[in-house]
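Trainee: Got a minute to go through this one with me? I'd like to start with the strands.
Mentor: Sure, pull it up.

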Amino acid sequence: MFRQSSAHGRARSCLGNIATVVKVVLLVVVGGLLLLELVNSPRLGDFLPGFQSKGPLIGLLAGHWQNDSGAVCKDGLREVDINLEVARRAAALLRQRGYRVEILPEFSAKLNGYQADVFLAIHSDSCIENLSGFKVARMTHSSVPEREDLLVQALYQAYGEATGLKPHLNTVTEDMRQYHALRRIAPETPGAIIELGFMGGDRYLLTHEQDRVAVGIANGLSAFLRQYAPTATPRK
Ligand SMILES: [Zn+2]
């Protein structure tokens with residue numbers, strides 16, 4: 001009797017151990033799948049550039065994000081929503097090409113001395129109906145003017161090709177050239193600011209053809225990095 005119940009006890013505890021092992025294995029598998037899902041989600045990917053690849057680092061600032069709405073049209077269209085969506089789509093394209101991309105909010109603490117292979121702040125222009133066009137600018141007193149001129153040129157070329165928009169040069173303001181983020185990033189990080197188009201005159205492109213807008217940005221940045229950092233640039 002004693003021996004029998006002891007055998008039963010051993011059998012029970014053995015089954016208990018197996019159940020525990022199965023539970024742990026299941027937890028590890030489910031946890032792993034969950035982590036994989038999180039890392040691949042674009043939103044978390046924004047903050048985890050290191051997980052994407054080991055290619056050159058691109059910083060994209062989504063204008064007004066986590067601070068204010070930017071321009072708001074009569075029907076409620078908000079500049080910040082366009083800027084962020086375009087930044088996310090451009091980031092996805094660039095990650096596919098092997099670059100690391102980080103999306104930064106307007107007043108990110110990271111901006112002070114920010115180091116990357118290239119930095120671009122993304123904004124959109126006002127709701128004025130009869131204006132159309134985009135523009136790109138670098139800081140007036142740049143520490144790396146040749147590199148930044150190359151960046152501005154590459155963006156004018158690629159963005160114009162992808163979107164069909166014309167440069168709207170006579171509205172490049174001193175505000176753009178003195179943009180706070182360009183003054184805060186590390187002096188050796190080549191940076192620029194783009195105004196994607198007018199939320200008035202270019203509304204269809206900015207709201208219904210954001211993929212084309214993102215391609216323009218991705219192609220401009222890729223072209224710049226191929227010229228400026230060809231050895232560090234992925235071969236895709
Ligand atoms: Zn803006």
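Trainee: In which sense do strand β1 (residues 57-62) and β3 pair, and over how many bridges?
Mentor: They run in the parallel sense, and the pairing covers five bridges. Keep in mind that this is a predicted model.

Trainee: OK, so which residue in β3 is the bridge partner of Ala-62?
Mentor: That's Ile-122. You can also find Gly-59 standing opposite Phe-119 of β3.

Trainee: And how does β3 pair with strand β5 (residues 191-198)?
Mentor: Parallel again, since β3 and β5 pair in that sense over six bridges. For a landmark, look at Leu-120, whose bridge partner in β5 is Ala-192.

Trainee: What's the strand order in the sheet?
Mentor: Read it as β2-β1-β3-β5-β4: five strands in an open sheet, with mixed pairing. The edges are β2 (100-104) and β4 (135-137). Each has a single partner strand, so one side of each has no neighbour in the sheet.

Trainee: How much twist is there from one strand to the next?
Mentor: On average, 20°.

Trainee: Back to β3. Are its residues buried or exposed?
Mentor: Buried, eight out of eight across residues 118-125, so the strand is largely enclosed by the rest of the structure.

Trainee: Which ones point which way from β3?
Mentor: Val-118, Leu-120, Ile-122 and Ser-124 point one way. Phe-119, Ala-121, His-123 and Asp-125 point the other way, and both sets are buried.

Trainee: Let's switch to helices. Which strands does α9 touch?
Mentor: α9 packs on the sheet and touches β1, β3 and β5. Its direction makes about 155° with that of β3.

Trainee: And at what angle do helix α4 (residues 79-96) and helix α9 (residues 210-228) pack?
Mentor: About 55°, and their axes are 8 Å apart. That angle makes α4 oblique to α9.

Trainee: Is the crossing of α4 and α9 left-handed or right-handed?
Mentor: Right-handed.

Trainee: Which residues meet there?
Mentor: From α4 you have Glu-85, Val-86, Arg-89, Ala-90, Leu-93 and Leu-94. They meet a set in α9 that includes Gln-210, Asp-211, Val-213, Ile-217 and Leu-221.

Trainee: How does that contact of α4 with α9 split by class?
Mentor: Ten residues are nonpolar, one is polar and three are charged.

Trainee: Great, I'll go and click through those.

Conventions: Residues numbered from 1 in each chain as written. Predicted model: local features only at pLDDT ≥ 70, side-chain atom pairs only at ≥ 80, totals over all residues. Axes fitted to C-alpha atoms, helices over the stretch in contact; angles between N-to-C directions. Helix = DSSP H or I, 4+ residues; strand = E, 2+ residues; numbered from the N terminus. Parallel < 35°, antiparallel > 145°, perpendicular 65-115°, else oblique. Left-handed = near helix turned anticlockwise from the far one by under 90°. Contact = placed C-beta atoms within 7 Å. Nonpolar A, V, L, I, M, F, W, Y, C, P; charged D, E, K, R; others polar. Buried ≥ 20, exposed ≤ 12 C-beta atoms within 10 Å, placed from the backbone. Pairing = 2+ DSSP bridges.
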